[in-house]
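Reader: Hi! I'm new to reading protein models, and I'd like a close look at just one part, the place where the domains of this chain touch. Could you walk me through that, and then show me how the rest fits around it?

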Amino acid sequence: MESLRSGDGRRDPIDGPLVTRRRELDDLSRRAVLDAFEPPRELWTPPDGPTVAGWGAAATIDADGPDRFDAVREAAERLFSHLDGDAERVVGRPRLFGGFAFHDEHEPAGPWKGFAGARFVLPQVQITWSDDGVWLTVNAVDPPDDAAVERRLDDVAAEISAATADGRPGAPPGVASRERTTSRTEWRRQVRAAVDRIERGDLRKVVLAQALSVDLDAPLSIPDLLARLDRSYPDCYRFLVQPDEGANFFGATPERLVSLSGRTVETEALAGSTGRGDTPEEDEWLANELLDSEKDIHEHELVAEAVREQLEPFAGSIRTGQRTIRTLPTVQHLQTPITAELDDVEHVLSLVEALHPTPAVGGFPPDAAWETIKETETFDRGWYAAPVGWFDAAGNGAFAVGIRSAVAREDRATLFAGAGIVADSDPDREWDEVQLKYGPMLDSLE
Ligand SMILES: C=C(O[C@H]1C=CC=C(C(=O)O)[C@@H]1O)C(=O)O
């Protein structure tokens with residue numbers, strides 16, 4: 001089921017034209033932009049490529065259930081079919097931002113209130129920081145006339161030029177109390193049960209996750225939080241999705257799900273983890289141990305194989321790069337880049353649907369893994385570990401996997417982290433790994 005609505009609540013605005021106007025701006029800090037605008041806002045800051053911030057909703061696409069990927073694509077195609085032609089390829093072109101829930105049985109309740117099974121927003125105001133400058137774009141569906149959109153562009157440009165906040169982040173709010181979904185004893189039982197199932201033979205890997213709810217000492221400032229993540233995680237995808245209800249889903253994820261530009265696809269396998277050492281020598285020792293670990297190589301190769309298999313129906317050629325170490329501030333991972341050239345023009349959402357969930361966040365085979373996750377986990381994954389990103393009118397786009405993430409409302413946040421369980425998994429080592437993976441979000445809050 002899909003619904004499409006404009007920012008002011010009218011249903012189905014797709015019969016009117018989609019008018020978009022843009023203008024180059026002097027450089028300005030992302031922090032200033034986020035400070036200047038009230039929710040709903042989106043932010044997408046990848047390690048490679050333009051940063052885009054969005055504010056307001058010119059149109060919103062919501063979809064639920066098993067057809068949600070198709071429903072979003074079809075609604076977007078209808079919306080973009082009314083776009084002024086020359087806006088298709090330029091910097092600052094209109095993009096739909098959003099993401100999906102991990103599973104199509106998702107219910108938007110509890111901390112996930114406001115998050116549909118899929119939600120994409122065409123912002124009313126979009127700011128793009130790229131190698132070709134900073135661009136302000138104003139999008140409107142069915143405006144009274146084009147001049148109204150141009151006036152809005154003038155007004156927003158004036159408002160933004162008055163924004164003064166610099167990029168320096170304020171202090172974290174602090175954590176007053178913590179509550180785990182899963183005790184260490186319960187985790188040991190869960191991992192042992194998963195290993196038993198793997199030994200019985202119908203499951204090879206499952207990624208089990210935990211959630212950690214924290215009460216904050218002060219209400220969360222999202223602009224400050226994102227500025228802190230910019231400083232600590234410049235090599236990760238930093239994202240914010242903020243639907244109308246004031247809920248925030250954010251993260252600093254190292255994992256690219258897929259990006260599509262023309263017919264070129266970039267993706268990766270990221271799985272298999274170890275900690276960081278206290279010295280460069282210790283770091284290197286841990287990295288070498290990971291590179292040689294049969295357990296982690298098995299856990300990792302299941303992901304690489306599944307990614308290649310899912311791409312095969314689309315791609316004439318698939319190239320697998322070298323397996324190396326990805327070093328992050330709290331953990332190190334095995335990483336293999338995978339690239340492909342498509343046989344035909346495809347929409348990035350077709351690739352997102354084919355790849356999600358990879359065995360880096362679900363498991364293998366997928367159905368047995370999902371069954372195990374559902375039987376084991378006592379909390380709702382919501383949008384954790386699911387695709388988050390953007391796409392444009394041509395069907396190009398970029399999606400990350402929403403891990404190292406949290407959902408927050410006012411002064412309460414829920415953090416998520418998981419670990420891949422295979423036959424050789426040791427429950428206590430997997431427990432320690434999960435605690436390290438909370439690091440990016442916990443450090444940005446306390
Ligand atoms: C599921 C998570 O991480 C995945 C990505 C990298 C390494 C992983 C691992 O070694 O288990 C996980 O597959 C998470 O951070 O919540």
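Author: Here is a walk through the domain contact, followed by the other parts of the chain. One thing to keep in mind from the start is that this is a predicted model.

Let's get the layout straight. The chain splits into domain 1, covering 2–161, and domain 2, which is made of 175–219 + 255–445. If you take the C-alpha centres of domain 1 and domain 2, they sit 27 Å apart. Where the two meet, domain 1 puts in 25 residues and domain 2 puts in 26 residues.

Now zoom in on domain 1's side of that contact. Two elements give two or more residues there: α2 and β6 (95–100). Of these, β6 gives the most, with five residues. What kinds of residues does domain 1 bring to this side? They divide into 16 nonpolar, five polar and four charged.

Since α2 came up, let's follow that helix. Helix α2 spans residues 68–80, and it packs with helix α8, residues 348–355. When two helices pack, people describe the pair by the angle between the axes and the distance between them. For α2 and α8, the angle is about 170° and the axes are 10 Å apart. An angle over 145° counts as roughly antiparallel, so α2 is roughly antiparallel to α8. And which residues do the touching? Phe 69, Val 72 and Arg 73 come from α2, and they meet Leu 349, Val 352 and Glu 353 of α8. Sorted by class, this helix contact has four nonpolar residues and two charged ones, with no polar residues.

Next, the ligand. It is surrounded by 18 residues, and the closest are Ser 273, Ala 360, Ile 403, Gly 418 and Gly 420. Three strands each supply at least two residues of that shell: β11 (205–216), β15 (264–275) and β23 (412–421). By class, the shell has ten nonpolar, five polar and three charged residues.

A few backbone spots deserve a look too. Most peptide bonds are trans, and most residues other than glycine have a negative phi. With that in mind, check the bond from Pro 39 to Pro 40: it is cis, with omega near 0°. Pro 40 lies in the loop between α1 (30–36) and β3 (41–45). There's another cis bond joining Phe 364 and Pro 365, with omega about -10°. Pro 365 belongs to the loop between β19 (363–364) and α9 (366–376). Then there's Ala 385, whose phi is positive, near 70°. You'll find Ala 385 in the loop between α9 and β20 (387–392).

Finally, how confident is the predictor? The average pLDDT for the chain is 93, and 95% of the residues score at least 70. The model scores are ipTM 0.99 and pTM 0.95. Residues 1–12 are another story, with pLDDT staying under 50. For that stretch the model has 28 contacts beyond four places in sequence. Where pLDDT is low, the predicted coordinates shouldn't be read in detail.

How values were computed:
Residues numbered from 1 in each chain as written. Predicted model: local features only at pLDDT ≥ 70, side-chain atom pairs only at ≥ 80, totals over all residues. Axes fitted to C-alpha atoms, helices over the stretch in contact; angles between N-to-C directions. Helix = DSSP H or I, 4+ residues; strand = E, 2+ residues; numbered from the N terminus. Parallel < 35°, antiparallel > 145°, perpendicular 65-115°, else oblique. Contact = placed C-beta atoms within 7 Å. Nonpolar A, V, L, I, M, F, W, Y, C, P; charged D, E, K, R; others polar. Domains from an automatic or database assignment. Near = placed C-beta within 6 Å. pLDDT = per-residue confidence, 0-100.
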